[in-house]
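Student: I've got a new model to look at. Can you walk me through a few features?
Tutor: Sure. Open it up and ask away.

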Amino acid sequence: MPGLPDEAYEHDGQLTKRYVRAATLAALAPAPGELLWDVGGGSGSIGIEWMRSHPSCRAVAVERSAERAERITRNADRLGVPALRVVTAPAPAGLAGLPVPDAVFIGGGLTAPGLLDACWGALPAGGRLVANTVTLESEALLAERHRRHGGELVRLAVATAVPVGGFTGWRQAMPVTQWSVTKGSEER
């Protein structure tokens with residue numbers, strides 16, 4: 001089941017948090033034997049939970065930071081998916097030569113020139129793309145792609161109960177804008 005506790009991952013803050021991660025995996029819809037590109041891998045949580053969904057699921061995490069790439073490998077080993085492939089390179093350059101994905105998750109680097117086009121172009125008809133962002137700049141890109149390609153554009157907001165003196169109140173996490181689309185299903 002997706003949505004391991006955040007504490008299951010070693011990370012430096014670059015982590016798709018538990019409830020957003022579960023929603024992201026639901027949108028990606030992993031199926032047996034499929035390959036995911038986890039672009040801007042961060043801690044590797046999406047690729048790891050994709051692979052945990054079925055023993056035949058495969059994933060490639062593309063991460064520009066060598067330190068984070070090493071962290072992804074440690075997380076994958078510790079969480080039972082040592083076959084997660086990690087490519088240490090910036091995207092979109094790091095995508096060159098990778099096998100054709102069934103799904104692509106973009107968790108970072110959306111504003112990198114050519115990244116969205118490279119990911120979209122790599123997907124075959126029926127392939128799924130999910131992109132998450134918390135910044136206005138990336139949100140504008142996702143809104144434009146939603147207008148062009150369709151799919152679903154949602155804002156995910158999560159609040160957790162925390163102590164407020166002797167009472168309990170809500171602490172809001174940054175809202176995440178998510179675009180999910182199946183290529184060829186709603187081309188405009």
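Student: How far is the sulfur of Cys119 from the closest cysteine sulfur?
Tutor: This is a predicted model. In it, the sulfur of Cys119 is 19 Å from the closest cysteine sulfur, which sits in Cys57. That is too far for a bond, because a disulfide needs the two sulfurs within 2.5 Å.

Student: And looking from Cys57, which cysteine sulfur is closest?
Tutor: The one in Cys119, at 19 Å. Again, that is too far for a bond.

Student: How many disulfides turn up in the whole structure?
Tutor: Zero.

Student: Is Cys119 buried or exposed?
Tutor: Cys119 is buried, with a relative accessibility of 0%.

Student: What about Cys57, buried or exposed?
Tutor: Cys57 is buried, at 3% relative accessibility. It counts as buried because the cut-off is under 20%.

Student: New topic. Which residues does the cis peptide bond join?
Tutor: Ala91 and Pro92. Omega there is about 15°.

Student: Where is Pro92 found?
Tutor: In a loop. Strand S3 (85-88) comes before that loop, and strand S4 (103-106) comes after.

Student: Now the backbone at Ala29. What is phi there?
Tutor: Near 55°. So we have a positive phi in a residue other than glycine, and Ala29 is partly exposed.

Student: What is the relative accessible area of Ala29?
Tutor: It is 37%. That lies between the 20% limit for buried and the 50% limit for exposed, so Ala29 is called partly exposed.

Student: Where is the place of Ala29?
Tutor: In the loop between helix H1 (18-28) and strand S1 (35-39).

Note on methods: Residues are numbered from 1 along each chain as its sequence is written. This is a predicted model: local features need pLDDT of at least 70, side-chain atom pairs count only at pLDDT 80 or more; totals for chains, interfaces and linings use all residues. Side-chain values use heavy atoms; hydrogens and water are left out. Helices (H or I, at least four residues) and strands (E, at least two) are DSSP runs, numbered from the N terminus. Buried means under 20% relative accessible area, exposed over 50%, partly exposed in between (1.4 Å probe, protein chains only).
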